[in-house]
Amino acid sequence: MHVVHSTVNDRVTFPVASAVLMLSLPVAAWRFQTPPPSPLLLNMSQDVTGSTHGGVYVITLNRPNQGNALRMDMYTQIMQHLATARSDKAIRAVAITGAGRFFSTGADVAEAAQSIMGGDVEELIQRLYTGPVALTQAIIDFPKLVVGLVNGPVVGYPAAQLGIYDLVIVNDRASFQVPFLHLGIVPEACSSVTLPAACGHVTATELLVSGKTLNCDEMLKFGLASQKIAAGDDFVAKALTSLNEQLGKCSGASLLEGKKLLLAPKRSVLTAANKQEADALAERFRSGEPARRFAKVFAGLSAKKSKI
C-alpha cells in the first residue's frame, strides 16, 4: 500500500476564489502532457498525499492551515498521483478530498497575486498551461472512476472541477461557490458546460453572477452532488467504506466500460469547453482587468491579516 505522509508549516492564507486559469493553445498540443509518475516526488510531496484504501486511491490536498489552497506545483503532483492510480490494476477508483475543514478554497492567494499582478502575462499563461488546463484534461481522459469527497467548502477552480467527476459525495459542512466573474475571469474546468447541464442555464448564470454559496443540501438539489453522508471528522472513512462496498459489487471490466460509454457522448464536448474557456481566459488576462481585481482582493486580505 502506497501511503504518503506530510506535515505543513506554511503561513496561514485566507480563502478566496480560484485564480487558476487556462490558456489559448490547440487541444492537440496539451492533452497528452500529463507528466509521468515520479516516485521521488510522490514520496516527498507535502501538499498532496496519496494512499490506498481497498480499491480506491485517495488523493488528499494537504494544506489544512491554508484551506488546502492550491499552489501551481500541486496540479503536477495531482496528475502524478492520477498516473500512479491509472497504472495500478487493483485500483478501481480515485477519490479526491481535502485535509481538515476545507476541500479547497481555490488558488493560493499570495502566489496567485504575485503571478497575476507582478509577472509577464504570456509567461503566466504558459505556466498555467502545464497546471490547471492539463489537470482538467487529465481528469477528462482518466479511465477509472473519479470521486469527490467534499469534506467542507470548495471554491473556484476545485468547485468547477466537481462537474467532471463521476461521483460527488458531500458531508454536512460542504459548500460550493464559483465567483469567477467577480474576479474578472471566466468559468473554468469545463464548468461553462457542466454547471448548466447540472442545474440549468438560469441557475448556473445566477451562481456565476451572484457568486452565492450553496450548502450541501442545495448541492444535492441542483445536481452538483450525488450523495450526502452525515458525518464529521470520520466523513472520509465512512465515505470510503461505502464506496468500496459499492465498487465490490461491480465487475472491474464493467466499471471501465460503463464509464467509457457514459462519457463517450460528451468527451469531445468537455475537451472543446476546456479549450474555449482557455481562449477566453487568456484574453481576460491580456486585458489587465483580473490583475486590477486581484490587487483589491489581496490588499483586503493583507489588511485583515494585519489585524489578527
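By a cavity I mean a set of grid points where a 1.4 Å probe fits but cannot get out, and its lining residues are those with an atom within 4 Å of a point. With that in hand, let me take you through this structure, which is a predicted model.

A search of the whole structure finds 3 cavities of 30 Å³ or more, and I would like to start with the second largest, which holds about 60 Å³ of space. Its lining is made up of L61, L70, Y75, I78, I96, F103, L135, Y157, P158, Q161 and Y165, and of these residues 10 are nonpolar and 1 is polar, while none is charged. Two helices, α3 (72-87) and α6 (157-161), each supply at least two residues of that lining, and it is α6 that gives the most, with 3 residues.

One of those lining residues, Y165, takes us to the nonpolar interior, since the largest nonpolar core has 64 residues, and Y165 is listed, together with L82, L162, F176, L195 and M219, among those with the most contacts inside it. If we look at M219 and leave aside its neighbours within four places in sequence, we find it in contact with L162, V170, A174, S175, F176, L214, L224 and A225. There is also a second, separate core of 16 residues, which includes V56, A95, V147 and I169.

V56 also belongs to the next topic, being the bridge partner, in β2, of H53. Strand β1 (residues 48-53) has 5 of its 6 residues buried, so this strand is largely enclosed by the rest of the structure. Strands β1 and β2 (residues 56-61) run antiparallel and are joined by 6 bridges. Their hairpin has 2 residues between the strands, and there G54 takes a positive phi near 65°.

That brings me to backbone angles, where two further residues deserve a careful look, because neither A189, with a relative accessible area of 0%, nor C190, at 0% relative accessibility, is exposed. A189 has a positive phi of about 55° although it is not a glycine, and C190, likewise not a glycine, has a positive phi of about 70°. Where do we find A189? A189 sits in the loop between β7 (175-177) and α7 (191-199), and the loop between β7 and α7 is also the place of C190. Both count as buried, because the cut-off for that is under 20% relative accessible area, and the values for A189 and C190 are 0%.

How values were computed
Residues are numbered from 1 along each chain as its sequence is written. This is a predicted model: local features need pLDDT of at least 70, side-chain atom pairs count only at pLDDT 80 or more; totals for chains, interfaces and linings use all residues. Side-chain values use heavy atoms; hydrogens and water are left out. Helices (H or I, at least four residues) and strands (E, at least two) are DSSP runs, numbered from the N terminus. Buried means under 20% relative accessible area, exposed over 50%, partly exposed in between (1.4 Å probe, protein chains only). A nonpolar core is a set of buried Ala, Val, Leu, Ile, Met, Phe, Trp, Tyr and Cys residues joined through side-chain atoms within 4.5 Å. Contact means heavy atoms within 4.5 Å. Two strands pair if DSSP finds at least two bridges between them. On a 1 Å grid over the protein atoms alone, a cavity is a set of points where a 1.4 Å probe fits but cannot get out, and a pocket is an open set with protein on both sides within 12 Å along at least five of seven lines; lining residues have an atom within 4 Å of a point. Grid points are joined across faces, edges and corners, and a volume is the space filled by probe spheres set on the points. Ala, Val, Leu, Ile, Met, Phe, Trp, Tyr, Cys and Pro count as nonpolar, Asp, Glu, Lys and Arg as charged, and the others, Gly among them, as polar.
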